[in-house]
Amino acid sequence: MKKASIIIDKEFIVSQLDERIYGSFIEHLGRAVYEGIYQPGQKTADDQGLRQDVIDLVRELNVPIVRYPGGNFVSGFHWEDSVGPKEERPAKVDLAWSVIESNQFGLNEFTDWAKKANTNVMMAVNLGTRGPEDAKNVLEYCNFAGGTYYSDLRKKHGYEAPHDIKLWCLGNEMDGPWQMGHKTAAEYGRIAAETGRMMKMLDPSIELVACGSSNLEMPTFAQWEATVLDECYDQVDYLSLHQYYQNADHNTPEFLASSVGMDQFISSVVSICDYVQAKKRGKKKINLSFDEWNVWYHSIEPDKKLEKWVQAPHQLEDVYNFEDALLIGSLLITLLRHSDRVKIACLAQLVNVIAPIMTSDTGAWRQTIFYPFFHASNYARGTVLHTLVKSPVYDSRYGDAPYLDSVLVMNEEEETLTLLAVNKSLDEDMEVSCDLRQFAGYQIVEHIVMSHDDMNAVNTEADPDQVKPVVGGISRIEDGKLTAVLGKHSWNVIRMKK
Ligand code: AHR
């Protein structure tokens with residue numbers, strides 16, 4: 001049995017958690033919108049065509065913010081096409097995903113859906129084929145009270161009150177050659193600065209996210225971040241990170257070590273933000289919005305065979321297995337450990353497209369990755385403590401990878417403690433201890449465990465409960481010391497309460 005220990009002190013605080021770290025993402029892509037959240041006539045759909053079965057699962061996940069409408073899609077998006085009477089909305093080609101977009105679901109419907117799903121909108125503007133003027137117009141449509149062309153247009157469309165959207169992305173992955181209207185860092189930085197300036201002139205209460213690199217492998221990574229921020233430091237509040245992880249070569253230990261990669265990625269981007277702040281003698285800290293993260297690789301080969309120029313194809317429909325869920329748990333832990341700077345994060349995406357929730361015409365079900373997200377989002381809210389993990393390690397492409405990933409979140413109001421932990425060892429259980437004498441009177445409420453003998457086990461509509469958590473892990477608190485046994489390759493949630 002492996003042994004590890006965790007050291008915490010209730011005064012050693014990483015952050016008061018910004019709940020937006022549990023955000024997600026809906027793009028006009030594949031069946032995320034059509035047949036995902038919107039399917040008129042489906043048996044659970046309401047009078048707006050919004051699927052209640054999906055809304056129920058999104059509410060269960062407790063997602064405080066959802067990014068919309070892209071993604072790559074936004075770089076060619078004409079938002080005006082998506083509002084007003086449906087019969088007048090044009091169908092258009094979407095070059096990002098080689099499909100046809102009917103525009104039967106749009107901006108206003110998404111704000112209605114967000115209310116029903118108990119979430120908020122994080123809106124992206126098109127800085128690919130469009131620019132500052134259009135971004136100002138959509139903001140005016142959404143947030144201006146009335147008496148102007150665009151705000152009155154919103155009212156004419158049936159939305160008297162402003163949507164009051166507080167968080168806006170200045171484009172998407174603008175460094176990517178696949179992106180419509182992609183740019184050099186200097187070009188994008190200038191446009192982001194001018195767009196941000198105009199948007200904040202109109203509504204100073206909003207916050208803005210500038211595009212960082214599309215992923216860590218981009219050849220311009222780091223220089224891109226520094227140049228972009230140099231241009232738009234004064235206008236923006238956050239810099240974005242995107243990263244998808246894969247196990248295409250079936251090397252599970254390496255795959256599970258990806259959380260070390262995420263950890264290093266975040267630290268690098270924090271350094272760049274602080275470098276630009278120092279260079280500018282700035283007061284403002286630029287925080288991070290990790291607004292696309294997930295596992296994505298299962299669907300890449302099958303998607304190459306998809307027919308083009310159809311509507312809502314089965315695109316990016318990764319069927320997640322047990323080891324994917326284990327990594328999602330580790331990635332969540334990593335994000336929380338960096339919550340002093342990562343204020344926003346979006347699991348990409350939410351429904352059908354690389355998503356925790358899947359649908360068919362007849363039902364909706366939870367993929368394996370649903371569960372770690374559900375546990376963290378529902379139980380790990382409050383104050384994140386510095387969690388010193390002393391664990392045996394293994395060698396990986398990122399350097400030493402600890403077998404144990406863990407973080408402890410304290411909620412003083414509710415007098416709860418939640419320990420999230422992944423044992424990455426494929427063949428050994430692990431005994432973990434933690435001195436909790438500062439938390440006198442705390443008892444274990446439950447120790448939830450998710451594991452499976454088959455790392456490739458999946459949940460499907462026919463068999464939706466192949467991989468799911470159970471209560472019954474081995475843990476106890478005695479004389480102020482927590483001792484837990486984490487089974488080999490397992491996700492653990494130890495919930496404690498005074
Ligand atoms: O989430 C799928 C796609 O991944 C997004 O559209 C894009 O931003 C990223 O490359």
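This section describes the ligand site, two buried residues and a nonpolar surface patch in a predicted model.

The ligand is surrounded by 13 residues. Among these, Glu27, Asn72, Glu173, Tyr244 and Glu292 come nearest. Side-chain polar atoms approach the oxygen atoms of the ligand at several points. For Glu173, a polar side-chain atom lies 2.7 Å from a ligand oxygen. For Glu292, the separation between a side-chain N or O atom and an oxygen of the ligand is 2.7 Å. The side chain of Asn172 also takes part, with an N or O atom 3.0 Å from a ligand oxygen atom. The protein buries 95% of the 280 Å² that the ligand exposes when taken alone.

Leu208 belongs to strand β9, which covers residues 207-210. The relative accessible area of Leu208 is 0%, so this residue is buried. Its contacts, apart from neighbours within four places in sequence, fall in several stretches of the chain. Earlier in the numbering, Leu208 touches Trp168, Leu170, Gly196, Met199 and Lys200. Later in the numbering, Leu208 is in contact with Gln235, Val236, Asp237 and Tyr238. Asp303 stands apart from this group in the comparison of C-alpha positions: 33 Å separates its C-alpha atom from that of Leu208. Along the chain, Leu208 and Asp303 are 95 residues apart.

Ala226 is a helical residue, placed in α6 (residues 223-232). Its relative accessibility is 14%. Ala226 therefore counts as buried, the cut-off being under 20%. Beyond its neighbours within four places in sequence, Ala226 is in contact with Ile272, Tyr275 and Val276. The C-alpha atoms of Ala226 and Met180 are separated by 23 Å. These two residues are 46 residues apart along the chain.

The surface carries a nonpolar patch of about 380 Å². Val93, Leu95, Ile100 and Trp309 make this patch. Leu95 sits in the loop that links β5 (92-94) to β6 (99-101). Val93 falls within the residue range of β5, and Ile100 within that of β6. The relative accessibility of Leu95 is 53%. Leu95 counts as exposed because this value passes the cut-off of over 50%. Leu208 in strand β9, by contrast, is buried at 0%.

Notes. Residues are numbered from 1 along each chain as its sequence is written. This is a predicted model: local features need pLDDT of at least 70, side-chain atom pairs count only at pLDDT 80 or more; totals for chains, interfaces and linings use all residues. Side-chain values use heavy atoms; hydrogens and water are left out. Patches are made of residues with over 30% relative accessible area and no salt bridge: like charges are joined within 9 Å, nonpolar side chains (Val, Leu, Ile, Met, Phe, Trp, Tyr) within 5 Å. Accessible areas come from the Shrake-Rupley method with a 1.4 Å probe; for residues, only the protein chains shown count as cover. A salt bridge is a side-chain nitrogen of Lys or Arg within 4 Å of a carboxyl oxygen of Asp or Glu. Helices (H or I, at least four residues) and strands (E, at least two) are DSSP runs, numbered from the N terminus. Buried means under 20% relative accessible area, exposed over 50%, partly exposed in between (1.4 Å probe, protein chains only). A residue is near a molecule or strand if one of its heavy atoms lies within 4 Å of it. A polar contact is a pair of N or O atoms within 3.5 Å; within protein, one must be able to donate a hydrogen and the other to accept it, and residues adjacent in sequence count only if both atoms are side-chain atoms. Contact means heavy atoms within 4.5 Å.
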